[in-house]
Amino acid sequence: MIQKQFRHALELLQSWQQPNGGFPYYSGEEARPDATAWAIISMSAFEFDPESCNRGRAYLASQQADDGRVSISVSHPEASWPTPLAIFAWESIPQYQEAQSRAVDYLIGFTGRHFPTPDPSIIGHDTAILGWPWIADTHSWVVPTSLALLALKMVGLSTHPRVIAGQQMLINRQLTDGGWNFGSTTVFMRELHPLPECSAIALQALAATTPIREVKRSLDYLLHELPHLRTPISLGWALLGLGAWGLRPTTTEELVRASLQLQERYGPYPLPSLALLLCAVKASHGLHSLFRSLPQETPVSSIHN
Amino acid sequence: MTTSLKHTEQPTLSRRQLLQACLVGGGLAVSGFSLLHWLTAPRLTAHTFIGQAETYDTDLAKLIRQGFQELGITPLEIKGKRILLKPNLVEPHQSLSHINTHPLVVRGAVEAFLSLGATSVVVAEGPGHRHDTLLVLEESGLADVLYEDHISFRDLNTMEGVVMPNLGGQTWMASLTLPRIVKEVDWVVSLAKMKTHHWAGATLSMKNFFGVMPGNYYGWPKNVLHQAGIPQSILDINATLKPHFAIVDGIIGMEGDGPIMGAPVQSGVLVMGRNLPAVDATCCRIMGINPDKIEYLRKADQWLGPIQESLIEQRGESWRTVHRPFALVPEIPAHQGLRSSKL
């Protein structure tokens with residue numbers, strides 16, 4: 001039984017689907033791979049309209065390049081950051097196993113621009129550890145690396161060298177007092193501020209394969225931030241990130257409803273924001289608990305240990 | 001921006017001076033021709049306006065309207081126009097008002113443009129470091145102003161892009177992908193913050209347009225532009241976008257390790273103008289920075305606009321009366337040698 005507000009949000013997503021099977025970022029715009037993947041992930045989580053999801057998956061497959069990448073648009077192949085999202089959307093669907101496999105191969109072979117750290121007094125993080133970039137031929141950053149790790153771990157590649165390196169990269173980019181920003185630590189010896197959305201995605205990506213002691217300060221940071229978060233991206237990822245470590249708040253549904261209510265003030269949310277909130281409602285133990293390959297239950301950990 | 005450029009009369013030279021100039025360096029014909037061209041070519045000029053506002057409680061809409069008047073911007077010119085205001089919202093943190101364009105400056109600019117008859121004013125930004133633009137709006141305090149005043153906002157990071165030929169030619173990028181909305185408005189206005197910057201020296205109205213480039217195509221941070229070269233990218237974006245106006249919030253700016261980690265500094269000014277290099281050069285003078293030492297301004301000089309003091313006609317306050325040197329960080333290479341030597 002889906003609660004009224006969440007069912008309404010799902011029906012809204014469904015209504016945005018276009019004849020080509022894709023979903024737009026906002027109603028009335030052209031379909032986009034990232035929005036389509038998010039629509040499929042959230043609707044699948046609620047087992048809502050499987051036929052609509054299948055048409056969405058077909059649209060995603062139509063957007064896949066020969067080398068396996070799924071980019072934000074065919075005219076911008078360098079912006080391949082939606083590829084992990086497509087891997088999620090194709091998960092457990094035999095018809096798209098080959099497409100998913102090619103996307104995984106692309107991610108394994110794709111990395112950012114890396115180089116020896118030029119001068120630690122200028123850039124504090126280790127610039128040589130391989131991760132994933134937003135855009136080809138640029139440096140690797142926290143969010144695209146986290147999304148790639150989530151996708152690769154979901155398909156059972158938790159021990160792949162790229163996954164190991166990606167996790168090391170995230171640990172290296174963690175800030176001294178906890179949390180992550182977009183992916184820098186210190187610049188000219190000044191430590192930058194953490195950001196909740198980046199911290200939550202990184203925590204989500206490190207769950208189940210990283211000892212809690214290595215991220216305890218970041219969990220503390222995110223728990224401290226949580227009461228102040230209302231907007232869908234930060235709140236949605238925070239709920240997922242904490243859930244992945246067994247720290248999902250008991251008030252999750254209430255928080256999500258309050259965030260949905262904010263649309264009366266700010267106007268309609270874009271599709272990925274709505275979908276993220278819906279995933280946060282359904283994923284009891286982080287995003288990976290929506291899928292089959294990873295453990296469904298992460299042991300509840302007391303971060304005070 | 002080009003609409004505001006004017007060419008001065010040719011500098012007056014006596015025949016003797018001209019002859020002497022041509023003969024300098026041995027009198028080679030080629031050198032003589034180049035020098036002659038330099039001496040006699042029309043020079044770009046511009047006007048800038050400096051308005052004093054000690055605090056954000058000042059009637060900023062009135063001050064901006066005064067600036068419009070001084071700069072010759074009339075209701076006839078603005079009536080019916082669709083205006084896009086692009087503030088600088090980087091990494092807001094509650095209580096740190098020196099990082100971002102202040103919400104009351106945004107409100108003042110909206111009111112000023114509407115009072116001159118603009119059909120619509122939309123505020124739009126693509127924060128360089130953050131995906132959660134809505135949280136950026138909330139933390140910066142801008143969300144309240146937008147809501148109270150019924151001002152629409154667009155997230156440029158996620159907006160569909162339009163590919164345009166790169167008219168700057170300073171980077172390897174043959175084209176730039178700009179957010180669709182820039183083709184749907186009549187005026188693009190940089191609503192920038194007066195800050196030092198640890199990679200570019202200073203971030204003012206021209207650098208502010210990094211935030212126009214959608215994160216979907218340029219990343220978070222907009223690392224494609226870093227790889228292409230920050231000064232070069234600033235020039236390419238400005239040459240392609242052709243912005244129409246700039247208002248720089250220097251009421252409280254940022255000195256030291258800007259654009260995020262620096263300290264607040266009260267300059268108490270808004271700096272405005274149609275020509276962005278001229279506005280930024282004026283800001284630099286207020287900040288105690290030699291604009292010739294800022295690479296993107298030096299390269300913009302006499303291409304996108306003037307930066308030499310003699311070619312910028314000052315309206316409102318003189319920059320000398322509001323001159324307040326911003327602290328620079330000696331260890332930061334981009335800050336080295338920036339200080340202007342004299343008033």
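Helix 11 of chain B covers residues 276-287. At 1.5 Å a residue, its twelve residues should span 16 Å, and the C-alpha atoms at its two ends are 16 Å apart, so expectation and model agree. The model is a predicted one. Helix 11 of chain B is mostly covered, with twelve of its twelve residues buried. The buried residues include B:Leu276, B:Pro277, B:Ala278 and B:Val279 near the beginning of the list, and B:Arg285, B:Ile286 and B:Met287 at its end. B:Asp280 and B:Thr282 are also buried in this helix, as are B:Cys283 and B:Cys284. After helix 11 of chain B comes B:Gly288, which has a positive phi, near 75 degrees.

The secondary structure of chain B as a whole consists of twelve helices and 13 strands. Of the 343 residues in chain B, 55% are buried. Among contacts in chain B with a separation of 6 or more, 76% are between residues 24 or more positions apart.

Several strands of chain B are paired. Strand 3 (residues 82-87) runs parallel to strand 4 (residues 120-125) of chain B, and the two are joined by four bridges. Within strand 4 of chain B, B:Val123 is the residue opposite B:Leu85. Strand 4 of chain B also pairs with strand 5 (residues 152-155) of chain B, again in the parallel sense and over four bridges. Here B:Val122 has B:Ser152, in strand 5 of chain B, as its bridge partner.

Chain B meets chain A through 30 residues, which are in contact with 30 residues of chain A. On the side of chain B that touches chain A, at least two residues each are supplied by helix 6 (133-140), helix 8 (215-218) and helix 9 (223-228) of chain B. By residue type, this side of chain B divides into 13 nonpolar, ten polar and seven charged residues.

Chain A is divided into domain 1 (1-110) and domain 2, the latter made of 112-248 + 284-305. The centres of the two domains of chain A, taken over C-alpha atoms, are separated by 23 Å. Contact between these domains involves 16 residues of domain 1 and 17 residues of domain 2. On the domain 1 side, two or more residues each come from helix 2 (33-45), helix 4 (83-89) and helix 5 (97-109) of chain A. Helix 4 of chain A gives the largest share of that side, four residues. The side of domain 1 that touches domain 2 holds twelve nonpolar, two polar and two charged residues.

Two loop residues of chain A were examined individually. A:Thr210 is placed in the loop between helix 8 (196-206) and helix 9 (216-225) of chain A. With 16 other C-beta atoms within 10 Å, A:Thr210 is partly exposed, because a residue counts as buried at 20 or more such atoms and as exposed at 12 or fewer. Leaving aside residues up to four places away in sequence, A:Thr210 touches A:Gln167 and A:Val215. A:Gln167 is 43 residues from A:Thr210 in sequence, yet their C-alpha atoms are 8.2 Å apart in space.

A:Asp177 lies in the loop between helix 7 (161-173) and strand 3 (186-187) of chain A. A:Asp177 has 12 other C-beta atoms within 10 Å and is therefore exposed. A:Asp177 and A:Asp220 are 43 residues apart in sequence, with 9.3 Å between their C-alpha atoms.

Key:
Residues are numbered from 1 along each chain as its sequence is written. Chains are lettered from A and ligands numbered from 1 in the order in which they are written. This is a predicted model: local features need pLDDT of at least 70, side-chain atom pairs count only at pLDDT 80 or more; totals for chains, interfaces and linings use all residues. Domain bounds come from an automatic or database domain assignment. Two residues are in contact if their C-beta atoms, placed from the backbone, lie within 7 Å. Ala, Val, Leu, Ile, Met, Phe, Trp, Tyr, Cys and Pro count as nonpolar, Asp, Glu, Lys and Arg as charged, and the others, Gly among them, as polar. The expected span of a helix is 1.5 Å times one less than its number of residues. Two strands pair if DSSP finds at least two bridges between them.
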